[in-house]
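Okay, everyone, let's get started. I'll put the model up and then walk you through the strands and the rings.

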Amino acid sequence: MIRGQCLCGAISFATGAAPKGASVCHCSQCRRQSGHLWASATVPRRALEIVGPVRWFDSSDKAQRGFCPVCGSVLFWRAQAGDTISFALGALDAPTGLTLEKHIFTAERGDYYVIADGIAQFD
């Protein structure tokens, strides 16, 4: 079982499903929401149990981002149409047992850093 929570503990989440696609997103929206970049993994929506007052923000006509209205932690990303949900790797309790697989939207990365960890990169 993988478990996580926001900074203040008002929201917790758990899944028994095997997360897929552990990645770091460098898109401009993820950079703005997090202050740098956002690491996440994905499970089927029905496999993620969420407890607490998640607020959903329509960040585009294609996706929503879920955050804690108490402490502001950004915890979730989901497509408007789709049956999966991504959760923030930084919010997980250790040990996670996960390993990053890729960097995505690298063409949008900030000009103030270099990606040099040898993990696959996708524009």
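Here's one to start with: in S9, which residue is the bridge partner of Phe 76? It's Phe 87. Keep that pair in mind, since both names come back later.

Before I go on, remember that this is a predicted model. As for annotation, the UniProt record, an unreviewed entry, places the feature "domain: CENP-V/GFA" at residues 2-114. Over that stretch the chain is 42% strand and 6% helix, and its end C-alpha atoms sit 30 Å apart.

So, the strands. There's an open sheet of eight, and the order is S6-S7-S8-S9-S4-S3-S10-S11, with mixed pairing. Which strands stand at the edges? Those are S6, residues 55-58, and S11, residues 120-122. Each has a single partner strand, so one side of each has no neighbour in the sheet. On average, neighbouring strands here are turned by 30 degrees against each other, ignoring direction.

Now zoom in on the S7, S8, S9 part. S7 covers residues 63-67 and S8 covers 74-79, and the two pair in the antiparallel sense over five bridges. You can follow the pairing on screen: Ala 63 has Ala 79 as its bridge partner in S8, and Phe 67 has Val 74. The two strands make a hairpin with six residues between them. In that turn, look at Gly 72, which has a positive phi of about 90 degrees.

Carry on along the chain and you get another hairpin, this one from S8 and S9, with four residues between them. Its turn holds Gly 82, again with a positive phi, about 155 degrees. S9 is residues 84-88, and its pairing with S8 is antiparallel over two bridges.

There's also a three-stranded open sheet, in the order S1-S2-S5, with antiparallel pairing. At its edges stand S1, residues 2-5, and S5, residues 48-51; each has a single partner strand, so one side of each is left without a neighbour in the sheet. The twist in this sheet averages 15 degrees from one strand to the next. S1 and S2, residues 12-15, run antiparallel and are joined by four bridges. If you want a spot to click on, Ile 2 stands opposite Thr 15 in S2.

Right, on to the inside. The largest nonpolar core has 22 residues. Which of them have the most contacts inside it? Ile 11, Phe 13, Leu 48, Leu 75, Phe 76 and Phe 87. So our opening pair is back, both on that list. As for strands, S3 (20-25), S4 (38-44), S8 and S9 each supply at least two residues of this core.

Last topic, the rings. How many aromatic pairs does a search of the whole structure find? Four. Phe 76 and Phe 87 turn up yet again, in one aromatic cluster with Phe 13 and Trp 56. Trp 56 has a charged visitor too: Arg 78 lies over its face, 3.6 Å from the ring centre. Elsewhere, Arg 109 has its charged end over the ring of Tyr 113, at 5.7 Å from the centre.

That's my tour, so over to you for questions.

Methods
Residues numbered from 1 in each chain as written. Predicted model: local features only at pLDDT ≥ 70, side-chain atom pairs only at ≥ 80, totals over all residues. Heavy atoms only, no water. Pairing = 2+ DSSP bridges. Axes fitted to C-alpha atoms, helices over the stretch in contact; angles between N-to-C directions. Phe/Tyr/Trp six-rings, centres within 6.5 Å; stacked < 30°, edge-to-face > 60°. Lys NZ or Arg CZ within 6 Å of the ring centre and 35° of its normal. UniProt positions renumbered as here; feature names shortened; annotations may be inferred. Core = buried A, V, L, I, M, F, W, Y, C linked by side-chain atoms within 4.5 Å. Buried < 20%, exposed > 50% of the residue type's maximum accessible area, 1.4 Å probe, protein only.
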